[in-house]
Amino acid sequence: MVTLSCIVLVADRTDSYAIAGITSGALGLANVIAAPARARLVDRRGQRFGLRVLAIGYALGAIAVLVAATLSAPPVTLVLCAIAAGASAPPVGAAMRMRWRLLVTRPEDVTRAYSLDAVSEEIVYTLGPLVSGVVMALTVPETGLAASAALALAGCFLMTSTSTRPPAGAPRDAGSAKRLAVLRAGGFVPTLIVTSATGVVVGSVGVIVPAQTAPHDTLAGILLGALALGSGIGGLAYGARAWITGPRIRLILLTVAMTAACALLAAAGPVAVLGVGLVVTGLALAPAMVSGYLVADTLTDDRTRLEAHTWVNTAVNAGAAAASAVAGIVLDHSTPASAYLTGAVVAAALLTLGAVGIGPKARFKIRRRAEAADPVR
């Protein structure tokens, strides 16, 4: 809910999509920068304490953005409040996947579990824009951020009402050398660069669609929900398929498809065509994310896997945050078509850079299922 709610509220109060995009981008960038520290907090103190404390901080930050926008505060104040919210965003996705790792053990079940996890998140991402769009249309723009803060609190407290045991022998607080070792794992940084390209597409769409449909907030919510709907469908299909290629090459191919679809959105005129285009774009989103997590699994063990998954999320959020700011600036000076093409060009550049680094580890070869990094039946 937060991206659409923030963009609609700030744009409505400031009459500038550049400020709205920069504010939303600041929230996402703070989320990116603080992600490793938040992951270490959860590792040290456990999910119950860590996620609840962070959820409270996030809710307070979101309310601060709401108040600042309502009072027509200077843009710098909006950005600082957004940074506070983003820095406290709880790493729910990584925490959920760590719970899945404790519930299933067979590699084929891990792939399916991650896919189901991605689909469940996409259901939330489908409902979020719809709910925020309807709420803001029926009330006032401030209601969207207020509702997202309340739901974040409720969700984290409910999720941590049950506990799971950490993997046997996992350290309470790995040293800085251990943490840096995650990034030094062969092929991991190029993988993060590729996953950031998917974030660029998502961040671009998140700003451009509300601008295209303004002042119809409900329509913007429906269209953004179409992107998540496509992602959910793609995630189900991905988890059901017996893959015989490695996750690295799947990540590259899926990101190529998503980047191409973003470029084609520039030619989508009528709303119905745009909606179909967003569904098609979303088809590769959840599968690309799952592929990124599976690559992280092949490079880490239980002691560093939570941080590795957090870095994958961080890369996606970094791409989305940068794209939000860039798309907002382009929209203020050009057309939505130009903004879509800009996002596609940036995503293609990141994809190319990352694929070159992954290349030696991602040759196009079909392996026997028993030898695959994530075999499935």
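**Reading helix packing and backbone geometry in a predicted model**

Biologist: How many residues does helix 3 have, and what span does it reach from its first C-alpha to its last?

Modeller: Helix 3 covers residues 47-70, which is 24 residues, and reaches 34 Å between its end C-alpha atoms, close to the 34 Å expected at 1.5 Å a residue. Please bear in mind that this is a predicted model. Helix 5 (residues 92-103) can be read in the same manner: its 12 residues reach 17 Å, close to the 16 Å expected.

Biologist: How many helices and how many strands are there in the chain?

Modeller: The chain has 15 helices and 0 strands. Of its 377 residues, 52% count as buried. Among contacts with a separation of 6 or more, 83% are between residues 24 or more positions apart.

Biologist: What sign does phi take at Ser-72, and where is this residue found?

Modeller: The general idea is that most residues other than glycine have a negative phi. Ser-72 has a positive phi near 55° and is not a glycine. This residue comes just after helix 3, in the loop between helix 3 and helix 4.

Biologist: Is Ser-72 buried or exposed?

Modeller: Ser-72 is exposed, because its relative accessible area is 54% and the cut-off for exposed is over 50%.

Biologist: Which value of phi does Asp-15 have, and in which loop is Asp-15 found?

Modeller: Asp-15 has a positive phi of about 60°, although it is not a glycine. Its place is the loop between helix 1 and helix 2. At 72% relative accessibility, Asp-15 counts as exposed.

Biologist: I should like to turn to helix pairs. At what angle do helix 1 and helix 9 cross?

Modeller: One reads the angle between the axes, then the handedness, then the residues that meet. The axes of helix 1 (residues 2-14) and helix 9 (residues 188-213) cross at roughly 45° and come within 10 Å. The two helices are therefore oblique to each other, and their crossing is right-handed. Thr-3, Leu-4 and Ile-7 of helix 1 meet Gly-206, Val-207 and Pro-210 of helix 9. This contact has 4 nonpolar, 2 polar and no charged residues.

Biologist: Why might residues of one helix that are not adjacent in sequence point the same way?

Modeller: An α-helix has 3.6 residues a turn, so residues three or four places apart point the same way. With that idea in mind, one may examine the contact of helix 2 with helix 4. Helix 2 (residues 17-45) packs against helix 4 (residues 75-87) at an angle of about 35°, with the axes 7 Å apart. Helix 2 passes helix 4 in a right-handed crossing. The residues in contact include Ile-19, Ile-22, Thr-23, Ala-26, Ala-30 and Ala-34 of helix 2, and Leu-78, Val-79, Ala-82 and Gly-86 of helix 4. By class, the contact comprises 13 nonpolar, 3 polar and 1 charged residues.

Biologist: Is Ala-34 buried or exposed?

Modeller: Ala-34 counts as buried, because its relative accessibility is 16% and the cut-off for buried is under 20%. The C-alpha atoms of Ala-34 and Gly-86 are separated by 8.1 Å, although the two residues are 52 residues apart along the chain.

Biologist: What is the angle between helix 13 and helix 14?

Modeller: Helix 13 (residues 285-299) and helix 14 (residues 305-333) pack at about 145°, with their axes 9 Å apart. Their crossing is right-handed. Among the residues in contact are Met-289, Tyr-293 and Ala-296 of helix 13, and Ala-308, Val-312 and Val-316 of helix 14. The contact divides into 6 nonpolar, 3 polar and 2 charged residues.

Biologist: Val-316 belongs to that contact. What separates its C-alpha atom from that of Gly-203?

Modeller: The separation is 9.2 Å, for residues 113 apart along the chain. Gly-203 lies in helix 9 and counts as buried at 6% relative accessibility. Leaving aside neighbours within four places in sequence, Gly-203 is in contact with Ala-320, Ala-323 and Ser-324.

Biologist: Finally, with which residues is Asp-117 in contact, neighbours within four places in sequence aside?

Modeller: Asp-117 is in contact with Met-96, Arg-97 and Trp-100. Asp-117 itself lies in helix 6 (residues 107-138) and counts as buried at 2% relative accessibility. Arg-97 is one of the buried residues of helix 5, which also include Gly-93, Ala-94 and Met-98.

Technical notes:
Residues numbered from 1 in each chain as written. Predicted model: local features only at pLDDT ≥ 70, side-chain atom pairs only at ≥ 80, totals over all residues. Heavy atoms only, no water. Helix = DSSP H or I, 4+ residues; strand = E, 2+ residues; numbered from the N terminus. Buried < 20%, exposed > 50% of the residue type's maximum accessible area, 1.4 Å probe, protein only. Axes fitted to C-alpha atoms, helices over the stretch in contact; angles between N-to-C directions. Left-handed = near helix turned anticlockwise from the far one by under 90°. Contact = heavy atoms within 4.5 Å. Nonpolar A, V, L, I, M, F, W, Y, C, P; charged D, E, K, R; others polar. Parallel < 35°, antiparallel > 145°, perpendicular 65-115°, else oblique. Expected span 1.5 Å × (residues − 1).
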